[in-house]
Amino acid sequence: MDSYDIVVIGGGPAGMAAAVAAREEGVEKILLIERDRELGGILQQCIHNGFGLHHFKEDLTGPEFSERYIRRMEELEIPCKLDTTVLEITAGREILYINAREGVTKISAGAIILAMGCRERSRGAVNIPGSRPAGVFTAGTAQRLINMEGYMVGRRIMMLGTGDIGLIMARRLTLEGAKVIAVLARKPYPGGLMRNVAQCLYDYDIPLMLRHTIVAIQGKDRVTGVLVADTDENSRPIPGSERLYECDTVILSVGLIPENELSLSAGVQLDPHTGGPVVDEFRQTSVAGIFACGNVVHVHDLVDFVVEESEIAGRGAAGFVLGRGEAEGAETSGTPIDLLPGEGLKYVVPQRMRGFNGEERLDLFLRVSRVYGRSAIEVRHDGDTVKRLKRLRMNPGEMERVRLNRSAIEKLTGSNLIVEAVEVDG
Amino acid sequence: MSEVAIIGAGIIGTLIARELSRFKLEVALLESSNDVANGSTKANSGIIHAGYDAEPGSAKARFNVLGNPLFDRLCEQLDVRLNRIGSLVVAFSPSERRTVEQLYNRGIHNGVGDLQIIEREQLLSIEPNLDESAQCALLAPQAGIIDPWEIAVAAAENAADNGVEIRLNFPVQAIERDNGCYRITSPNGQIRAQQVINCAGVFADRIHQMVAPPTFTITPRKGQYFVLDKTAGALVNHVIFQCPTELGKGVLVTRSVHGNLLVGPDSVEIEDREDLATTQDRLEFVRRSAGKVSKNIPFSQVIRSFSGLRATPNTKDFIIEECGEAPGFIDVAGIESPGLTAAPAIAHYVRDLLSRTRGALEERGDFNPDRRPAIRFMDLPEQRKNELIRKDPRFGRIICRCESVTEGEIVDAIHRNVGATTLDGVKKRVRPGMGRCQGGFCGPQVLEILARELKKNPTEIVKNEVDSYILTGPTKCGGEKDRPEGIGSMVEQKAAYHG
């Protein structure tokens, strides 16, 4: 059985950034495993721009962004197995994979970095009743068909959901000559970035219909129309408000789910709030030596933040296999402090804090569960506020970041840190 | 000229076709859709019933009890998965205990063996997720679960292997008598046959009326279901029925043969025989009703809902007889539940009906009862997997990650007899798209494989029926429209460029 220092599962931006960071820390034997026939992951179908503004201070397209990491992977001579699917991983860090060249093969790793990304919620998962004709696509599937395969998916389109891929695809479909009748959001606010709402909907005069949803899909063979209803304060459809829109296509952008089937096969603990593994500040999961980063941990807004997190995981895993204390020692040293989402928060990552990563500061990533105007994020410990960050506006579509300094935290012991969003008057 | 034409390639038509393929008979199986098993067969509970439900003396009771034990051998020959997990009819109140006792007695009367009534303590020990109000249950160990379209597809394939002509896209528009035989017309051609077997499901009354005055009518009853992720499949260990009422058998909860959890159906009479829409209110009813069985059904893990139609006859029983007004025309109609269970026994009976008019059927010497085994790659031992990959590297490529389906299996499903030609056809046979992402990732790849293997343009590949197109054409600069001959895919070009 071949063995590696670090095996990275997933060759999207998260996996590549983690592998690169681990190599830069001096780890020799790294292997990256990717399902697709090339590296880059979903970025390869994201042919629009807007990537890299934070990380590279440049405005890149998805393929350009990933190309930078592919080059870096080549420079650092990090081997990859493409067109290879991992079937199972174990808590003992054995990895079973399959490909056409080697068949079913088992390898072992000093550390594993999970970077499998996420998948889209489907029609079934959001329970849209009606008939089941062709012409219902998730936004990412439509994006692949259009941008990678070069085929259009429809002419008159109703879109449900305002995830970022959906917003991008509303524009893309319009540029390809389709008519996007409207983009519907169940909630009173859009789910994606305001930047995308402005650049993809407003600039192209695509109606955004907040507080609306599809209650039935019609059509026997191909979609012929949808029934759209208003929604109430609980985002549920209001009976009697239905009206019919004729269309041949429904695009769904109704959420992303971290893809953690492999994580579960190794017994990795998941956080019900994120759908991803519970991780500490090194992005180590509940299983020693298994790290995770990117959208498999929580769904990020920007690839820039994905690679930032993945560098943390890459360094964490490097520390673990090189025996540099922090990550490795963390298992035994002291009691970890749990970070819990309190009032107004959907989740907070990392969920666990061990030794502060040897760094002077620790960034918490979090999402609020509703729209806030003038507000603050507060980090509390035993009733004391250890950090307070004022915000003019927060919405669930935009990830928030809170930076903790070592000095404020390092003497805390025992009980959990609770992170909350609070309204601020005036 | 065929000797026998079978109209309808659902579970009944395919099993009759397969049974008749044992004999020296020219058999044609006609199907209006572009695939077999595309009607009620692909949307039902997939239960092999024990036989205690049906009215004693009815055709339903008779064929159910005869059909159940036939599945072991049939499934072995056709290489179809069958799991006799047993069924429980649970009484959730003292008054329902009487119903359980009645069903027990009815089962004895119908000739169902091995039935027993188990009490609360034992019941909850074998089904710990049942609602606490459970009192007792009728246990029928011979009840099982099966994939109804898998067996119909397998039967059609085996029938075709043994010489049955299968005509898809053959919606019957007219049947006329012509010199002692029948001339069957569809927009895609005509077929003449000496005998006709009407297995047209919800359309069986209309087919009947093409040759004779109405003697029965079919009113479809729609049933809606939820399919839950495989992580929920272990919630129950048996098929769990509620006590039947005058409204029917009620909502059941069961594992599927693939390990998903299936919850449903309701029962509503409808007029439109092609109405397969699910509705919010009925799904809500199913959800509430299933709540009586167990409080622990994780509805957050629903991956799909669907509905199917039962071909309910006004006679309240199966209609399996030669039509008095049309000699040689045999109705096999009104085959609602327990039709799947009854199907193999019905096929035997129809064979005997035919021989009554035709005289003894002569067996072919070369009938092969065994379908070429299905390739279920992930179920193979590791060594076998690697042998297969060495022989055909496409078994080393996973296309559907949720169900772990390889490219090799998909290609095999396309090139078998009665192979898949559509996205749903592939899904029905080897399951890509059946899992939790519902084809989000694998859909475009399956489409590409279909186009490649069938030598079609991707825009010609449909989801299910002929008009269920998926792609509307190339993008402004996309597709294959301006592609010079001999130029590989983007990936290949890039690989060549980068060396």
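**Entry 1: backbone outliers**

I began with A:Lys57, which lies in the loop between strand 3 (49–51) and strand 4 (60–61) of chain A. As this is a predicted model, I take each value below as a property of the prediction. A:Lys57 is not a glycine, yet its phi is positive, at about 55 degrees. I looked up its surroundings as well: 8 other C-beta atoms lie within 10 Å, and A:Lys57 therefore counts as exposed, the limit for that class being 12 or fewer.

In chain B I looked up B:Asp79, in the loop between helix 3 (71–78) and strand 4 (82–83) of chain B. B:Asp79 has a positive phi too, near 50 degrees, and is likewise a residue other than glycine. With 18 other C-beta atoms within 10 Å, B:Asp79 is partly exposed. I noted both residues because most residues other than glycine have a negative phi, and most peptide bonds are trans.

I then turned to the cis peptide bonds. In chain A I noted the bond from A:Val349 to A:Pro350, with omega near 0 degrees; A:Pro350 sits in the loop between strand 22 (345–349) and strand 23 (352–353) of chain A. In chain B the bond from B:Ser337 to B:Pro338 is cis, with omega near 5 degrees, and B:Pro338 belongs to the loop between strand 20 (329–333) and helix 9 of chain B.

**Entry 2: helix 1 against helix 9 in chain B**

From B:Pro338 I went on to helix 9 (residues 339–358) of chain B, whose axis comes within 9 Å of that of helix 1 (residues 11–20) of chain B, the two crossing at roughly 40 degrees. The crossing of helix 1 of chain B with helix 9 of chain B is right-handed. On the side of helix 1 of chain B, I listed B:Ile11, B:Ile12, B:Leu15, B:Ile16, B:Glu19 and B:Leu20 in the contact, and the residues they meet in helix 9 of chain B include B:Leu340, B:Ala343, B:Ala347 and B:Arg351. Sorted by class, this contact has eleven nonpolar, two polar and two charged residues. The spacing along the helix can be read with one rule in mind: an α-helix has 3.6 residues a turn, so residues three or four places apart point the same way.

**Entry 3: two sheets in chain A**

I traced an open sheet of five strands in chain A, in the order 10-18-12-13-14 and with parallel pairing. Strand 10 (136–138) and strand 14 (208–210) of chain A each have a single partner strand, so one side of each is left without a neighbour in the sheet. From one strand to the next, the twist averages 20 degrees. Within this sheet I checked strand 12 (residues 156–160) and strand 13 (residues 179–185) of chain A, which are parallel and joined by five bridges, with A:Ile157 having A:Val180 as its bridge partner in strand 13 of chain A.

Two helices were looked up against these strands. Helix 4 of chain A lies across strand 10 and strand 18 (249–252) of chain A, at about 95 degrees to strand 10 of chain A, whereas helix 5 (residues 164–175) of chain A lies across strand 12, strand 13 and strand 18 of chain A and runs at about 170 degrees to strand 13 of chain A.

I also traced an open sheet of three strands in chain A, ordered 15-16-17 with antiparallel pairing. Its edges are strand 15 (212–218) and strand 17 (243–246) of chain A, each with a single partner strand, so that one side of each has no neighbour in the sheet. Neighbouring strands here are turned by 35 degrees against each other on average, direction ignored. Strand 15 of chain A is joined by six bridges to strand 16 (residues 225–230) of chain A, and A:Ile214 has A:Val228 as its bridge partner.

**Entry 4: helix 8 of chain A**

Helix 8 (residues 303–322) of chain A has 20 residues and reaches 28 Å from its first C-alpha to its last, close to the 28 Å expected. Of its 20 residues, 16 are buried, so helix 8 of chain A is largely enclosed by the rest of the structure. Just after this helix, A:Gly323 takes a positive phi of about 65 degrees.

**Entry 5: where the chains meet**

Lastly I looked up the contact between the chains, in which 41 residues of chain A touch 46 residues of chain B. Helix 4 of chain A gives the largest share of the chain A side, six residues. That side divides into 14 nonpolar, 13 polar and 14 charged residues. Strand 11 of chain A also pairs across the chains, antiparallel and over two bridges, with strand 23 (residues 473–474) of chain B, where A:Tyr151 stands opposite B:Pro474.

Note on methods
Residues numbered from 1 in each chain as written. Chains lettered and ligands numbered in written order. Predicted model: local features only at pLDDT ≥ 70, side-chain atom pairs only at ≥ 80, totals over all residues. Axes fitted to C-alpha atoms, helices over the stretch in contact; angles between N-to-C directions. Helix = DSSP H or I, 4+ residues; strand = E, 2+ residues; numbered from the N terminus. Left-handed = near helix turned anticlockwise from the far one by under 90°. Contact = placed C-beta atoms within 7 Å. Nonpolar A, V, L, I, M, F, W, Y, C, P; charged D, E, K, R; others polar. Pairing = 2+ DSSP bridges. Expected span 1.5 Å × (residues − 1).
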